[in-house]
Structures are given as C-alpha cells and as structure tokens.
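Hi everyone, thanks for coming. I'll walk you through one small story today, so have a look at the screen and follow along with me.

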Amino acid sequence: MTVETGYALVTGVLVAAATFTGVLLPALVLRLPSPAEDLLFRAGAVLGALAFAVRVVHVLWRFPRAAGERRLPGQPSQPGRTSPDS
C-alpha cells in the first residue's frame, strides 16, 4: 500500500504542476494586464489543486479493486492456511 500511496502522490504533483503551468502559460508568454495575470495565477492554483486531489483519489480508489481482481478463486485469504474455512 505504501508504494501505491507514493505513486498517487508523485503523479498527483506532476499532474498539478502541468495543470498550473498550462493555465499560467499565457501570462508567461504574453504581456497581460496585472489583473489578468493574477486571475490566471489563482485559476491555475485552484485547478492544479483540484487536479492533484482527483488524481490521488483516482489512483487510491482503483488500487484495492485491482488488487482484489488478481486473487485467484479458491485461494486462501491468509498465508499458511489451506482453505478459507480453516
């Protein structure tokens, strides 16, 4: 579970940085009035935070389901046991 949490956080940061940069890019390339730059900065920060949260939730929500699907039917749920009823 630790690897999946780390993966979710790292990819969340990358997605948030890309979103923030993508929104702020016009302000970096073009000469915009100060209020427009401030608006793009705030919008980039909000959308970046939202993208981070969505990515982390998506990765962590998907993990338990994917791990459960890999278990073979009839396989013991605990190591060392021969059947689920023992």
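First, a bit of vocabulary: helices here are DSSP runs of H or I with at least four residues, strands are runs of E with at least two, and both are numbered from the N terminus. With that in hand, the chain comes to two helices and zero strands. And please keep in mind that this is a predicted model.

Let's get the overall picture. The chain has 86 residues, and buried ones make up 15% of them. The chain exposes about 6600 Å², with carbon and sulfur atoms supplying 68% of that. Now take the contacts whose separation is 6 or more: 67% of them are between residues 24 or more positions apart.

So where do distant parts of the chain meet? Let's start at glutamate 4, which is found in helix 1. Is glutamate 4 buried, or partly exposed? Its relative accessible area is 22%, and buried means under 20%, so glutamate 4 counts as partly exposed. Leaving out residues up to four places away in sequence, glutamate 4 touches Val59, Leu60 and Phe63. Take phenylalanine 63: it is 59 residues from glutamate 4 in sequence, yet their C-alpha atoms are 7.4 Å apart in space.

Next stop, threonine 11, which also sits in helix 1. This one has a relative accessibility of 15%, which is under the 20% cut-off, so threonine 11 counts as buried. Which residues does threonine 11 contact, if we leave aside its neighbours within four places in sequence? Those are Arg55 and Val59. With arginine 55 there is something extra, because a polar contact, a pair of N or O atoms within 3.5 Å, joins the two side chains at 3.2 Å. The side chain of threonine 11 also reaches the backbone oxygen of tyrosine 7, at 2.8 Å. And if you look at C-alpha atoms, threonine 11 and phenylalanine 52 are separated by 8.2 Å, although they are 41 residues apart along the chain.

Moving along helix 1, we get to threonine 19. At 23% relative accessible area, threonine 19 is partly exposed. Not counting residues up to four places away, threonine 19 touches Leu47, Gly48 and Ala51. Its C-alpha atom is 9.1 Å from that of phenylalanine 52, which is 33 residues away along the chain.

Now for my favourite bit, the aromatic rings. How many aromatic pairs does a search of the whole structure find? It finds one. The two rings belong to phenylalanine 20 and phenylalanine 41; their centres are 5.5 Å apart and their planes are at 85°, so the pair is edge-to-face. Phenylalanine 20 is in helix 1, residues 2–29, and phenylalanine 41 is in helix 2, residues 34–69, so to speak a link between distant parts of the chain, 21 residues apart. Both are partly exposed: phenylalanine 20 has a relative accessible area of 25%, and phenylalanine 41 comes in at 45%.

Last thing, let's look at the surface. Leu25, Leu28, Val29 and Leu30 form a nonpolar patch there, with about 410 Å² of accessible area together. One of them, leucine 30, has its place in the loop between helix 1 and helix 2.

That's my tour. Any questions?

Definitions and conventions. Residues are numbered from 1 along each chain as its sequence is written. This is a predicted model: local features need pLDDT of at least 70, side-chain atom pairs count only at pLDDT 80 or more; totals for chains, interfaces and linings use all residues. Side-chain values use heavy atoms; hydrogens and water are left out. Rings of Phe, Tyr and Trp (its six-membered ring) pair if their centres lie within 6.5 Å; planes under 30 degrees apart count as stacked, over 60 as edge-to-face and the rest as tilted. Buried means under 20% relative accessible area, exposed over 50%, partly exposed in between (1.4 Å probe, protein chains only). Patches are made of residues with over 30% relative accessible area and no salt bridge: like charges are joined within 9 Å, nonpolar side chains (Val, Leu, Ile, Met, Phe, Trp, Tyr) within 5 Å. Accessible areas come from the Shrake-Rupley method with a 1.4 Å probe; for residues, only the protein chains shown count as cover. A salt bridge is a side-chain nitrogen of Lys or Arg within 4 Å of a carboxyl oxygen of Asp or Glu. A polar contact is a pair of N or O atoms within 3.5 Å; within protein, one must be able to donate a hydrogen and the other to accept it, and residues adjacent in sequence count only if both atoms are side-chain atoms. Contact means heavy atoms within 4.5 Å.
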